Amino acid sequence: TRRLTVAAAQLGPIQKAEGRDVSVGRMVRLMEAAHRRGVEVVVFPELALTTFFPRWYEADRAAADHWFESALPSNETAPLFEAARKYGIAFHLGYAERTPEGRRFNTAVFVHPSGEIVLKYRKVHLPGHAEYDPVRKVQHLEKRLFEVGDLGFPVMRAPVGGAGPVNLGMLICNDRRWPEAWRVLGLQSVEVVMLGYNTPSLNQDNRGFEAHHLRVLHSHLSIQAGCYQNATFAVATAKAGVEDGHELFGHSIIVNPQGEIMAQATSWGDELITADLDLDMCRLGRETIFNFAVHRRVEAYGRITAQ
Ligand code: CDT
């Protein structure tokens, strides 16, 4: 059997005034804990290095540039790469990317223990709005701060830990609510989806219908369905707790291809949850009910990609 030990490294809140030295220090401690538990892959959240800054409006877009990374590793993020090398652990990191051409993306990378960036993904489903919204108590300015990802939904077959080559894919936060995104990964026989998120406990647009207690349900429902319908594992890692008065719900999970939750975070702080994945478990769905080559009916799906 092909086995892989993975961790979701949930991060508690990062306040607006806190620098990357604080977040990176906490992340290195989580990697140390991962090493003690025999973990081979650590998954950090979306935009893991800073507070969830799309809640803060800046009339001048360039005034938000200090939240972005123009190089990876940088002096500030180098300790993550050093810990990966020291412990032989691969890691997934969500961060705000500013390219040499000045383009901005909400990005995630998968880094081999050697420090090589093996896979990069840029968030496709950007939620929120582009202009200041006076009706909202909290802004969600991803459409202002980021371009729509231009890399599609890549899956990379890469050697990881003792499992040998594994089909790896990524989603970022709001992407998890979109079955099309999961299916594009499933069509590439993804085996482990790495997914970071920052999700407010309160939906500012709820119109009285999305009660507080349904927020976690909707997150888990999406991830569990995505895993089951595409015969994949997922490691879904939250940023959690209260950032400058704004609550993120946490509840990081690791899910198997049957859609079952294998591990779940129970705190709103820094917390490592782990699971031993038997990757051969992906074969059941892929070879039977979700054997896409046999059962998919693309001739009936035209509306999915029509504009
Ligand atoms: N970060 C992120 O994508 N969060 C969204 C919140 C949507 S509310 C505008 C999410 O789907 O969890």
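This report describes a helix, the nonpolar cores, the empty spaces and some backbone details of one structure.

The structure is a predicted model, and every value below was computed from it.

**Helix α5**

Helix α5 runs over residues 214-230, and at 1.5 Å a residue its 17 residues should span 24 Å, which agrees with the 24 Å that separates its end C-alpha atoms. The buried residues of this helix are R215, V216, S219, H220, S222, I223, G226, C227 and N230. Around the axis they cover an arc of only 155°, and therefore they lie on the same side of α5. The residue that follows the helix is A231, and its phi is positive, near 55°.

One of the buried residues in α5 is S219. Its relative accessibility is 0%, and because buried means under 20%, S219 counts as buried. When neighbours within four places in sequence are left aside, S219 is in contact with R176, R177, Y197 and F249.

**Nonpolar cores**

The largest nonpolar core is made up of 49 residues, and V41, F110, L168, V192, I223 and I254 are those with the most contacts inside it. I223 is also among the buried residues of α5, so that the helix and the largest core share this residue. For V41, if residues up to four places away in sequence are not counted, the residues touched are L4, T5, V6, A7, I89, A90, F110, V160 and M194. Separate from the largest core is a second core of 29 residues, which includes A7, I14, F81 and A83. A7 is thus a residue of the second core that V41 touches.

**Pocket and cavity**

Rolling a probe the size of a water molecule over the atoms shows where empty space is left. The largest pocket holds about 610 Å³ of space. It is lined by 28 residues, of which H140, P200, L202, N203 and R215 are the closest to its centre. Among these five, R215 has already appeared as a buried residue of α5. Strand β11, residues 246-249, gives the largest share of the lining of this pocket, namely three residues.

How many cavities of 30 Å³ or more does a search of the whole structure find? The search finds one. The largest cavity contains about 40 Å³ of space, and the residues that line it are W56, Y57, E58, R61, A64, L141, R144 and L145.

**Backbone details in loops**

The peptide bond between L72 and P73 is cis, with omega at about 0°, and P73 is found in the loop between β2 (41-43) and α2 (78-87). Two further residues, neither of them glycine, have a positive phi, and they are set out in the table.

| Residue | Phi | Loop | Relative accessibility |
|---|---|---|---|
| C173 | near 45° | between β7 (165-172) and α4 (179-186) | 5%, buried |
| H251 | near 60° | between β11 and β12 (253-255) | 26%, partly exposed |

Is C173 buried or exposed? With a relative accessible area of 5%, C173 is buried, because it falls under the 20% cut-off. H251, by contrast, has a relative accessibility of 26% and so counts as partly exposed. The loop of H251 starts from β11, the strand that gives the largest share of the lining of the largest pocket.

Methods
Residues are numbered from 1 along each chain as its sequence is written. This is a predicted model: local features need pLDDT of at least 70, side-chain atom pairs count only at pLDDT 80 or more; totals for chains, interfaces and linings use all residues. Side-chain values use heavy atoms; hydrogens and water are left out. Helices (H or I, at least four residues) and strands (E, at least two) are DSSP runs, numbered from the N terminus. The expected span of a helix is 1.5 Å times one less than its number of residues. Buried means under 20% relative accessible area, exposed over 50%, partly exposed in between (1.4 Å probe, protein chains only). The arc is that of the directions from the helix axis to the C-beta atoms. Contact means heavy atoms within 4.5 Å. A nonpolar core is a set of buried Ala, Val, Leu, Ile, Met, Phe, Trp, Tyr and Cys residues joined through side-chain atoms within 4.5 Å. On a 1 Å grid over the protein atoms alone, a cavity is a set of points where a 1.4 Å probe fits but cannot get out, and a pocket is an open set with protein on both sides within 12 Å along at least five of seven lines; lining residues have an atom within 4 Å of a point. Grid points are joined across faces, edges and corners, and a volume is the space filled by probe spheres set on the points.
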